[in-house]
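Me: I should like to learn how to read a protein model. Could you guide me through it?

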Amino acid sequence: MHKLLNDAPGEEIFLLGNDAIARGAIEAGVAFASTYPGTPSSEISLALYQVSQESDLYFEYSTNEKVALEVASAAANCGLRTMCMMKHVGLNVAADPLMTLAYVGVTGGLVILTADDPAMFSSQNEQDNRYYAKLAGLPMLEPSSVAEAKEMTAHAFELSEKLKTPVLLRTTTRINHSSGVVTLGKLPRPKTKGAFKKDPFNLVTVPAVSRRLHVSLLEKLERALILSEESDYNRIEGNGPWGVVCNGVGYSYVADAIQDLNISDQTSVLRVGFSHPLPEKRIKAFLKGCEKVLVVEEGEPVLEEGIKALAQEAGLTLTIRGKAPDLFSRLYEYDPAEVRQHLGTYFGVAVPAPAKVDLSGVPEIPQRPPNLCAGCSHRATFYAVKQAAKAVETIYPTDIGCYTLGLLPPLSMADFLICMGSSVSSSCGFAQATDSKVISFIGDSTFFHSGITGLVNAVFNNHNLTLVILDNGTTAMTGHQPNPGVEMAAHGRGTAHRRVSIESVVRGVGVEHVTVIKPYKVKKSIAAIQAALDFEGVSVIISEETCTLYARGLKQLKKKAFRVSDRCVNHRDCINEIACPAFYLHGERPQINANACVGCALCAQICPENAILPLKSSA
Amino acid sequence: MTTFNIYLIGVGGQGIGLLSEIILRAADHSGQSAVAVDTHGLAQRGGVVVSQIRLGIAAGTPLIPGHQADLVVSLERHEAMRGLDSAARPGGTLIYYDTVWQPLGVRTGEAAEISAEDLAAACQERQVRLVSVHDPDLTDARQQNMRVLKTIHQEGLVPGISQADYLQAMDDLMTGGMLASNRKLFLD
């Protein structure tokens, strides 16, 4: 039995934040879930996928976040409790349905989870999705701990049904990836079959309908405001004159700082957990009891601006500060020590000096950026493209996935990236605006997510470009989730799915020059890529090789490690050209770590001396 | 209850996540409250991976304030130095498995490799106790994390956790041959 189906109410167990959120949904009777994976939200989906294998929960990996939310919107309008998970930038993709679904509303509870990533541990930006609640006019909840994440998720379903509107649940990486103790609640028997009641003049958003629906959205927000005023998630602790307003993970940093600085008698804390709409009356009452207020929130000054506006309305002139050069930054995540320091400075309390650390006399520590795994087929593809395009001026738009790591030297195979799918579409622009040969890279999952429309655009407008689709048979970077190109049955994931062939899609949209390569066959790959580059118009290379990490997980990998023989004369192409992490220098000589080598033989094929041989060979 | 902060650092793929979860669960089995946070996502691809555990905290933040780690645990020499540099408190302890995964800069000759002597000198300078682990009999590099756990237990580096607690945590998180070989390593 899956640990999240443990039906022992009252039991305390350790859970990852993302598992706690999944458990919260299960305790609320979630019947339907859809997602596109993205760090830091991915483990919620993994948990619900696993649970769906053992229960009546329907779960799907959708092709992208927009699709996921549209799928979810139908389920929720058939009365099912539905959850839709994505990372913060995923909500941009889903923003189109989000904005109008807010008008239409739901009948079954719909919780949309947005996992923000301050400091960009694994993201291309650190946008603050609290603005989406304002923009769409939807209620938002923000937990401060793992235990609260579970509680709030369950509560979000009730709130959604009460208001008949989707609810945004916003987390940040440090909630998603923290572990803590949660107390298990009861497991209900959810309603799993929905019914759709036709009501086109409330559900089909033509202008005349939407004009009315916008009115009802504002009425729902009024009702949400009353619930926010009453909510225990917006709570005040302490009654001192120094006010601190905070949300999310910042709350625990504030609590620790107040304890460390021994100022609990002087402070009062307003923790905002039901953050849209802001509890106006409660905030005004809080401000009236304060001499000055500090707002502690990672990201943008959302609370700060809201609170300042409310102070103005209430005719209050106390000092309210948050984001400022001498206080908190809009950049990155906060450190507990930094919060303590600013609290002390702002309220004029001595901050205990941090433990002194002498940084002198320590040699510089070499950086260790992430890199492509030993034997990663992307490395072989990048190498082949580089060789094939040696003689021409190139631009390499790339996309989002492990292969983004091709950015780093010595591969250096990435020139432009803004978002999922941008490789193909931006290539169209580069091809038109310059005389360079444009060669872009996209992974299989990203191709399905948002690469296809760009490719159709390239064909229709007849741009001169080469697209390399890196098909490693899985969504590798976020933890090996399936995508429509995966043969699910072959991976032991049941027979409920049908595979979509990338090659058929590419040919189907009208690409005339399509070649499938096996990237570990270096010479053949280079020749095929050269032919694609010579083609005038849209050409596509599909580079097929299973992700080594995934193959290892499936026990499909037959490792045949290589070694560096005495023929080596230290050209070091193996290190300086492809930088496979299985290589290390022993003294001055390259050597292969046999534990790391998977036997892809890329290095053996590029070594000018043919010095790299299978481990079990005699030469 | 006093707080005890553990900062774990290694190279993505070395098994820091599992080691961290075993210590966290062992702490739970020992009756201590604890919170933790890990690295997931892109950094796992051969980058620096960090986990943080705070014992004696039930609901606060798992992030260890700057240089307040009582124990730094590393599975690689460069990362041990990085952990010392970013987290260790004077008077604390650093335990690491003495193996090297050369960063790219070292392999391309642009950066110097950190030696065991460099690390020892840096620890001495910062008044951090250094425990170096290296087991020539260990043939499977994937077990280096459990080998370090063994020494953590033998030296009593995490307060309040018994052998039974560690074994229980290992039972919770591993199965089959992996559990058997790691139990054997831990108990031998």
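The dialogue below takes up chain B as a whole and then a pair of strands in chain A.

Reply: Please keep in mind that this is a predicted model.

Me: How many helices and strands does chain B have, and in which order do the elements run?

Reply: One begins by listing the elements. Chain B contains seven helices and six strands. Starting at the N terminus, the order is β-α-β-β-β-α-β-α-α-β-α-α-α. The chain is as compact as a globular protein of its length, because its radius of gyration is 16 Å, close to the 16 Å that the globule rule gives for 188 residues. Its C-alpha trace spans about 45 × 35 × 30 Å along the principal axes.

Me: What share of the residues of chain B counts as buried?

Reply: A residue is called buried when its relative accessible area is under 20%. In chain B, 60% of the 188 residues meet this description. The chain exposes about 6900 Å², and carbon and sulfur atoms supply 48% of that area.

Me: How far apart are the mean positions of the positive and negative charges of chain B?

Reply: One compares the mean position of each kind of charge. For the 14 positive and 21 negative charges of chain B, these means lie 2 Å apart.

Me: Which way do the residues of strand E2 of chain A point?

Reply: One follows the side chains along the strand. In E2 (residues 32-35), A:Phe32 and A:Ser34 point one way, while A:Ala33 and A:Thr35 point the other way; all are buried.

Me: In which sense does E2(A) pair with strand E3 of chain A, parallel or antiparallel?

Reply: E2(A) and E3 (residues 58-61) pair in the parallel sense, over four bridges. Within this pairing, A:Ser34 stands opposite A:Glu60 of E3(A).

Note on methods
Residues are numbered from 1 along each chain as its sequence is written. Chains are lettered from A and ligands numbered from 1 in the order in which they are written. This is a predicted model: local features need pLDDT of at least 70, side-chain atom pairs count only at pLDDT 80 or more; totals for chains, interfaces and linings use all residues. Side-chain values use heavy atoms; hydrogens and water are left out. Helices (H or I, at least four residues) and strands (E, at least two) are DSSP runs, numbered from the N terminus. The radius of gyration is taken over C-alpha atoms; the globule rule is 2.2 Å times the number of residues to the power 0.38. Buried means under 20% relative accessible area, exposed over 50%, partly exposed in between (1.4 Å probe, protein chains only). Accessible areas come from the Shrake-Rupley method with a 1.4 Å probe; for residues, only the protein chains shown count as cover. Lys and Arg count as positive and Asp and Glu as negative; His and the chain ends are not counted. The place of a charge is taken as NZ of Lys, CZ of Arg, CG of Asp or CD of Glu. Two strands pair if DSSP finds at least two bridges between them.
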